[in-house]
Amino acid sequence: MAAQQSEPVIYGDFAYASNFTLLNPHFIYNAENIQVKLQEKLQPVQGAWLDTDRICMEGTRVGIIKEISDWINSSDPDASRAYFLCGEAGTGKSTISHTIGKIFHQHLGAFFGFSRTFARERTPSNALRTIAYDLSIRFSDIKQGLLKALQDNPHILGSVNLRDLWNVLIVGPAKMLKNPFTPVVIIIDALDECGSQEKDGPRDKLLALLINNTNELPRNFHVLVTTRLESDVIVHLESSSELHVQYMSKISNTNEDIFKYVCHQMINGSKRGMLKEDQCKILAERAEGFFQWAYTVCKSLHGQGKAGMSVNKRFQRFITLGPADRKDLQALDRLYMSILNDVFDPEDEEAMNSYRQGMSQLLAAFQPLSQTALKRLQLAGDVEEDDESVVEYVLPFLGSLFTGVDGLDEPVKPVHASVRDFLLDSNRSKQFVVDLKEGHTTLAKGTLSIMVEDLHFNMCDLENSYVLNSEVKDLHKKILKGISMEILYACCFWDLHLEQLEQQDWCLPILQNFFYNHSFFWIETLSLTRNMHVASRAATNIRKMIGNAKDFVQEIRLFVQGFGKMITDSTPHLYLSGIPFLPKGSKLITNYAEKFKNVPVLSKGHKTTWPQQQASLQGHTGQVSSVAFSPDGKKIVSGSWDKSVRVWSTQTGMALFDPLQGHTKGVKSVAFSPNGQTIVSGSDDLTIRVWDAETGKDNSVRIWDADTGHPVGNPLLGHSNYILSVACSPDGKKLVTGSLDHSVRIWDTETQEAIGNPLQGHTKGILCIAFSPDGKTIASGSLDNSVIIWNAESGNAVGNPLNEHTGAVSSVTFSPNGQKIISGSWDKTLRIWNRYTGEAVGDCLQGHTNGVTSVAFSPDGQKLISGSFDCTLCIWDLDDENSKPSSTSELSRISFPFDHCHIDSKGWLCNSNSELLIWIPPEYRFVLLFLPMHLLISQDGLCILDLSHSKHGTDWTECFTGYMQISK
């Protein structure tokens with residue numbers, strides 16, 4: 001089996017390194033899950049893709065479509081990679097971009113449409129992440145390149161530097177495409193809607209990037225950009241002389257194309273009130289190139305209009321409102337004003353109040369909602385309990401300005417960005433201006449109320465706790481059935497509406513009710529819909545306004561921080577694995593314990609505080625073979641099969657420098673010197689390297705400076721085969737290494753010279769090596785099944801080899817007082833030896849069902865811990881007087897469902913069928929022992945997790961024992 005790729009993950013409290021444990025999870029990227037991994041990492045924006053319904057009518061825009069098509073198909077190596085299509089609002093730019101996307105659908109790598117309606121999520125940085133993800137879906141070569149880029153640059157996703165995102169996520173992977181001849185099309189529509197005009201802001205930087213850096217892409221890449229001609233766009237375009245730019249005002253046959261469209265709408269496709277051909281021609285000419293103006297007039301003429309006015313009369317009035325010329329930017333404003341005047345009487349206060357309420361709610365929403373959802377949200381927050389909604393008396397009359405108004409369940413949104421701009425600008429819309437404050441108030445009340453009403457346990461009827469969400473059959477259908485548009489919207493955006501309000505006192509009672517009684521069901525909904533990030537944001541936003549429940553909200557944030565990834569992986573374990581490990585005495589466990597009684601219970605060793613931070617350290621591209629803490633606890637060094645050494649900060653979780661590269665084969669062992677100033681690494685390339693932690697970079701295994709990652713001197717050469725083990729003397733002056741060449745070598749860490757000759761005695765390779773606490777003795781274990789004790793000063797063997805094991809000796813260690821040596825072997829046993837006499841102390845320790853891989857003493861020397869290929873760790877109690885194992889040293893096992901259990905790379909305790917039993921938080925994930933109906937966990941002392949009342953598998957829903965209102 002090929003070596004699995006892995007990434008080091010660090011868990012625990014960054015402020016206290018003693019609470020850390022570094023794990024070695026394996027990430028297997030195969031054809032089935034690679035796209036899921038990329039989606040999880042990049043979090044692409046949904047809904048910004050090509051809309052094939054928004055295309056040019058057949059026979060229109062022929063000239064510009066041909067021009068863009070010829071540019072895409074051109075083989076000219078000097079042609080610009082970017083094409084900017086510019087024009088005023090309503091001239092048809094977006095329709096052309098969608099048409100090109102449909103024509104070149106087989107070559108379309110990415111399509112991203114900016115929108116002011118979705119401004120919060122469709123940001124420049126999210127656009128680049130989404131484009132990268134879309135390219136990876138379309139091209140397998142780019143997918144592999146993107147995956148490698150993320151492995152080599154694990155922190156890029158946290159970057160706000162657009163240039164870095166562009167280079168790492170798009171340009172680099174694009175160059176991995178093996179076919180340099182097939183066109184690859186990227187379309188970015190409505191670039192002007194990606195943010196405000198701000199010098200050196202995100203929009204400004206994205207503009208500069210697309211204008212100046214698209215030629216970094218391979219020559220077969222083509223980036224089509226549409227944008228309004230706003231001042232910052234003009235400045236950028238004028239700064240580039242090589243860019244391909246086309247202006248909508250210069251496109252030929254525009255009037256003829258508009259005429260064809262109007263005829264189709266008002267003669268061929270009209271249901272009533274048809275215009276004559278000469279009227280259609282007048283309307284097209286009056287549009288002065290503004291396709292949106294003609295479109296809106298046709299939509300309005302199809303509508304009811306004002307009572308008593310015929311279609312012809314309305315037509316004549318619209319003609320008087322047409323653009324004076326192609327520079328008349330107020331034409332759409334006049335048209336919109338006329339349409340609103342047709343529908344609403346500004347003198348009718350009741351009608352205008354309904355208009356303002358409905359439109360404010362519609363435009364305040366952070367994403368488009370259907371009429372059904374809008375109505376439900378309004379009525380849920382209506383304290384007067386009126387069963388009527390203004391939505392149903394406003395939106396159906398505005399079909400010429402909004403899409404989705406003809407149905408109840410289709411999202412309603414402006415037909416064009418200019419509609420929203422017009423309605424929010426009091427200078428343009430006058431009496432029809434929309435104030436969003438009222439809408440935010442309505443939606444804040446509605447979202448909170450609907451969550452309290454609708455959220456409940458097991459929202460989507462999940463049947464089994466043993467599986468991941470990704471393995472649940474028809475989960476998408478379950479979500480659609482169990483979570484309505486309005487409840488999902490409420491869960492994702494309630495805090496943002498509250499944030500917009502100046503007065504928030506009214507919401508405190510309902511907020512407290514929500515947090516104390518419904519917050520876990522809210523988290524459940526977020527996990528199922530992959531919106532877990534909302535919980536941390538909301539808790540942070542709300543904490544400052546909730547008064548005496550502030551600490552409770554903070555615990556919600558800490559809970560999501562610690563358990564969020566696990567909950568997203570398997571939602572039932574929000575309850576089965578989350579509640580048991582809540583800190584003892586926390587407000588959350590006090591609040592929810594009565595509701596969830598059939599879950600595991602920590603009956604001993606229950607921690608009382610939250611871990612301050614948990615994070616994943618990602619960077620290695622191969623299995624992590626060795627890790628170590630610096631003596632001061634501020635750094636971690638890791639060695640990997642990817643041939644590199646990495647140094648990490650325990651306070652931030654960040655890599656302190658680039659990978660230390662230089663080894664030509666995998667790094668098998670790393671260690672800090674006792675003073676923390678150097679790092680030693682050993683590799684399969686037969687070298688040991690010593691690195692000065694202050695001064696340099698290197699990717700080999702050697703001694704490293706722990707502060708800067710610089711290598712100290714040259715590699716230590718001398719072994720003639722793989723180096724499998726390395727250790728530092730307590731004073732840091734010596735280094736000892738063991739190799740497959742059958743020898744042990746001692747090195748001076750200052751001179752980096754070998755001390756004396758190789759220590760010969762083993763007949764096969766050395767697997768493990770250790771210094772005694774006083775630095776005077778060395779113990780080595782070998783594939784020859786023996787342990788040899790060496791004098792660290794003379795290099796001579798002390799006595800004969802210890803030959804009681806019947807399998808390779810894989811681990812040796814000294815007791816804290818230095819009097820005993822413990823060895824673990826592939827013969828499944830451990831043995832205790834007297835350091836001075838070499839005699840075995842007591843019988844061998846038996847209990848593992850496969851070879852022993854590691855052994856360690858507790859600091860007080862009273863307990864011994866062993867790890868094995870059988871995926872378990874055992875705790876052994878040692879008698880102080882005779883060092884014999886007590887009766888508790890035997891490892892008992894239980895039957896179903898905890899038979900043959902193991903913890904996987906992500907912390908899941910799984911049985912032999914790989915079913916998820918419970919997730920173990922990192923701070924508890926040290927030693928496991930299985931006893932009847934108990935899972936024993938040990939770190940500083942024995943912890944007991946009582947499973948006797950736990951419900952799991954298909955019975956998991958029985959963990960919920962009843963709803964109980966709690967009022968604080």
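This report describes the overall make-up of a predicted model and then selected strands and helices within it.

## Overall composition

The chain contains 25 helices and 37 strands. Of its 968 residues, 56% are buried. Among contacts with a separation of 6 or more, 61% join residues that lie 24 or more positions apart.

## Parallel strands β3, β4, β5 and β6

Strand β5 spans residues 184–189, and 6 of its 6 residues are buried, so the strand is largely enclosed by the rest of the structure. In a regular strand, side chains alternate between the two faces of the sheet. Both faces of β5 are covered: V184, I186 and I188 are buried on one side, and V185, I187 and D189 are buried on the other.

Two neighbours of β5 can be described in turn. Strand β4 (residues 108–113) runs parallel to β5 and is joined to it by 5 bridges; F112 has I188 of β5 as its bridge partner. Strand β6 (residues 221–227) also pairs with β5 in the parallel sense, over 5 bridges. Within that pairing, I186 has V223 of β6 as its bridge partner. The connection from β5 to β6 passes through helix α7 (residues 202–212), and this β-α-β crossover is right-handed.

For strand β6, 7 of the 7 residues are buried, so this strand too is largely enclosed by the rest of the structure. On one side the buried residues are F221, V223, V225 and T227, and on the other they are H222, L224 and T226. Strand β3 is joined to β6 by 5 bridges, and the two run parallel. L224 of β6 is the bridge partner of Y83, and I187 stands opposite L224 as well.

## Helix α3 beside these strands

Helix α3 covers residues 93–103. Because 8 of its 11 residues are buried, the helix is largely enclosed by the rest of the structure. The buried residues are K93, S94, I96, S97, H98, T99, I100 and G101. They pack against helix α2 (62–73) and against strands β3 (82–86), β4, β5 and β6. The strands described above therefore recur among the packing partners of α3.

## The packing of helices α15 and α18

Helix α15 (residues 371–380) packs against helix α18 (residues 436–454) at an angle of about 90°, and their axes are 7 Å apart. This angle makes α15 roughly perpendicular to α18, since angles of 65 to 115 degrees count as such.

From α15, the residues R376, L377, Q378 and A380 take part in the contact; from α18, they meet T442, L443, G446, T447, S449, I450, E453 and D454. By class, the contact comprises 4 nonpolar, 5 polar and 3 charged residues.

## The antiparallel sheet β22-β23-β24

Further along the chain, 3 strands form an open sheet in the order β22-β23-β24, with antiparallel pairing. Strands β22 (766–771) and β24 (787–791) are at the edges, each pairing on one side only. On average, and with direction ignored, neighbouring strands of this sheet are turned by 20° against each other.

Strands of a sheet pair through backbone hydrogen bonds, either parallel or antiparallel. Here, strand β23 (residues 777–782) pairs with β24 in the antiparallel sense over 5 bridges. Within this part of the sheet, I778 stands opposite W790 of β24.

Conventions
Residues are numbered from 1 along each chain as its sequence is written. This is a predicted model: local features need pLDDT of at least 70, side-chain atom pairs count only at pLDDT 80 or more; totals for chains, interfaces and linings use all residues. Side-chain values use heavy atoms; hydrogens and water are left out. Axes are lines fitted to C-alpha atoms, for helices over the stretch in contact, and angles run from 0 to 180 degrees between N-to-C directions. Helices (H or I, at least four residues) and strands (E, at least two) are DSSP runs, numbered from the N terminus. Angles under 35 degrees count as roughly parallel, over 145 as roughly antiparallel, 65 to 115 as roughly perpendicular and the rest as oblique. Contact means heavy atoms within 4.5 Å. Ala, Val, Leu, Ile, Met, Phe, Trp, Tyr, Cys and Pro count as nonpolar, Asp, Glu, Lys and Arg as charged, and the others, Gly among them, as polar. Two strands pair if DSSP finds at least two bridges between them. Buried means under 20% relative accessible area, exposed over 50%, partly exposed in between (1.4 Å probe, protein chains only). A crossover is right-handed if, with the strands pointing away from the viewer, the path from the first strand over the helix to the second runs clockwise.
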